[in-house]
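Student: I have a new structure open and I'd like to learn how to read it. Could we go through it one feature at a time?

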Amino acid sequence: MQIRFKFHPEKAVEAASLFLKLHGKPMSYLGLLKLLYMADRIALERLEQPITGDRYVSMNYGPVLSRVYDLIKGLDVADAKDLWSRYIFSRDPRYKISANYTVSLREYPGDDELSEAEVKIIEQVYAKYGYIDPFDLAETTHLFPEWVNPYGSAIPISVEEVLKNVGKTDEDIERIREEFEREDYLDWVLNG
C-alpha cells in the first residue's frame, strides 16, 4: 500500500497563513507553493509525516502541493474553499502561476492546528528562503531528486520517493508505512 497521508485543510491554511504573516505583504503563488513544499519535505525528514498531508506533483516550476494549488486557483478541494478564502486572498485564479500573481493574508487564523515542531520548520524555511525570488526557488526545487521534468504536464511524486530522498532507509519507510496504515485504520474505525 502506498503511503497517502490524509489532507488537513486547516493545517494547510495555517501553514500558508504563517508564511504570509512572516512575509508581511502579498507573496507570489509560486513562492508560497515552493515554501510549503519545502516545509512538508523537511517535516517528512524530521517528523516522518508532512505538515499538510497534501499530494505532491512534479510540475514545470518544480514540486507542488496539488490540493493547495487547486485552492489557490479557486477550486474547492475537500470542502476547504471557504476556509481558504476566509483567511487567504488569491488574485484572479484564471491566470497561470507567475511571480506577478499573488496571494495575501486576509486574517491570520492562528496556529492551533500546527505543532510547535511544525511552526519551527515553517519559520526556518521562511528565514532561509522567504526572500528569494520565486523563480530562483523553483530552480532550487529542481535539485530535489524526486522532481522530474513533466514537460507541461504533472507527474505524481510518492511520499516514499520523498522519504527516500531525505535519507530514510527502506526499513524506515516500511515502519512509516505500517504506522500510517494503523492510523488510517483507526481513523476509519472512529470516523467511518
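**Reading the sheets and helices**

Tutor: Sure, let's begin with a sheet: three strands, β1-β5-β4 in that order, make an open sheet with antiparallel pairing. Keep in mind that this is a predicted model.

Student: Which strands stand at the edges of that sheet?

Tutor: Look for strands with a single partner. Here those are β1 (27–28) and β4 (88–90), so each has one side without a neighbour in the sheet.

Student: How many bridges join β1 to β5, and how many join β4 to β5?

Tutor: Take the pairs in turn. β1 and β5 run antiparallel and are joined by 2 bridges, with serine 28 standing opposite threonine 102 of β5. For β4 and strand β5 (residues 102–105) there are 3 bridges, and this pair also runs antiparallel. Serine 90 faces valine 103 in β5, while isoleucine 88 has leucine 105 of β5 as its bridge partner.

Student: Okay, on to the other sheet. What is the order of the strands that include β2?

Tutor: The order is β3-β2-β6, an open sheet of 3 strands with antiparallel pairing. The edges belong to β3 (62–65) and β6 (155–157); each has a single partner strand, so one side of each lacks a neighbour in the sheet. On average, neighbouring strands in this sheet are turned by 40 degrees against each other, direction ignored.

Student: How many residues does the hairpin use to join β2 to β3?

Tutor: A hairpin takes the chain from one strand into its partner, and this one uses 2 residues to get from β2 to β3. Strand β2 (residues 56–59) pairs with β3 over 4 bridges in the antiparallel sense. You can find tyrosine 56 opposite leucine 65 of β3.

Student: And what about β2 and β6: how many bridges join them?

Tutor: There are 3 bridges, and β2 and β6 run antiparallel. To locate the pairing, look for valine 57, which stands opposite proline 156 in β6.

Student: Now the helices. What describes two packed helices?

Tutor: Two things do: the angle between their axes and the distance between those axes. Try helix α2 (residues 29–46) with helix α5 (residues 116–129): they pack at about 130 degrees, and their axes are 9 Å apart. That angle makes α2 oblique to α5. Their crossing is right-handed.

Student: Which residues make the contact between α2 and α5?

Tutor: From α2 come Leu35, Met38, Ala39, Ile42, Ala43 and Arg46, and from α5 come Ile121, Ile122, Gln124, Val125, Tyr126 and Tyr129. Sorted by character, the contact has 10 nonpolar residues, 1 polar and 1 charged.

Student: At what angle do α2 and α6 pack?

Tutor: Use the two descriptors again. α2 and helix α6 (residues 134–141) pack at about 35 degrees, with axes 8 Å apart, and the crossing of α2 with α6 is left-handed. On the α2 side you have Leu30, Gly31, Lys34, Leu35 and Met38; they meet Pro134, Phe135, Leu137, Ala138, Thr140 and Thr141 of α6. This contact of α2 with α6 divides into 7 nonpolar, 3 polar and 1 charged residues.

Student: Which strands does α2 lie across?

Tutor: β2 and β3. When a helix lies on a sheet, you can compare its direction with that of a strand: α2 lies across β2 and β3 and runs at about 85 degrees to β3.

Student: Let's zoom out. How many helices and strands are in the chain?

Tutor: Count 8 helices and 6 strands. Following the chain from the N terminus, you meet them as α-β-α-β-β-α-α-β-β-α-α-β-α-α. The radius of gyration is 16 Å, close to the 16 Å of the globule rule for 192 residues, so the chain is as compact as a globular protein of that length.

Student: What box do the C-alpha atoms fill?

Tutor: Along the principal axes, the C-alpha atoms fill a box of roughly 45 × 35 × 30 Å.

Definitions and conventions
Residues numbered from 1 in each chain as written. Predicted model: local features only at pLDDT ≥ 70, side-chain atom pairs only at ≥ 80, totals over all residues. Heavy atoms only, no water. Axes fitted to C-alpha atoms, helices over the stretch in contact; angles between N-to-C directions. Parallel < 35°, antiparallel > 145°, perpendicular 65-115°, else oblique. Left-handed = near helix turned anticlockwise from the far one by under 90°. Contact = heavy atoms within 4.5 Å. Nonpolar A, V, L, I, M, F, W, Y, C, P; charged D, E, K, R; others polar. Pairing = 2+ DSSP bridges. Rg over C-alpha atoms; globule rule 2.2 N^0.38 Å.
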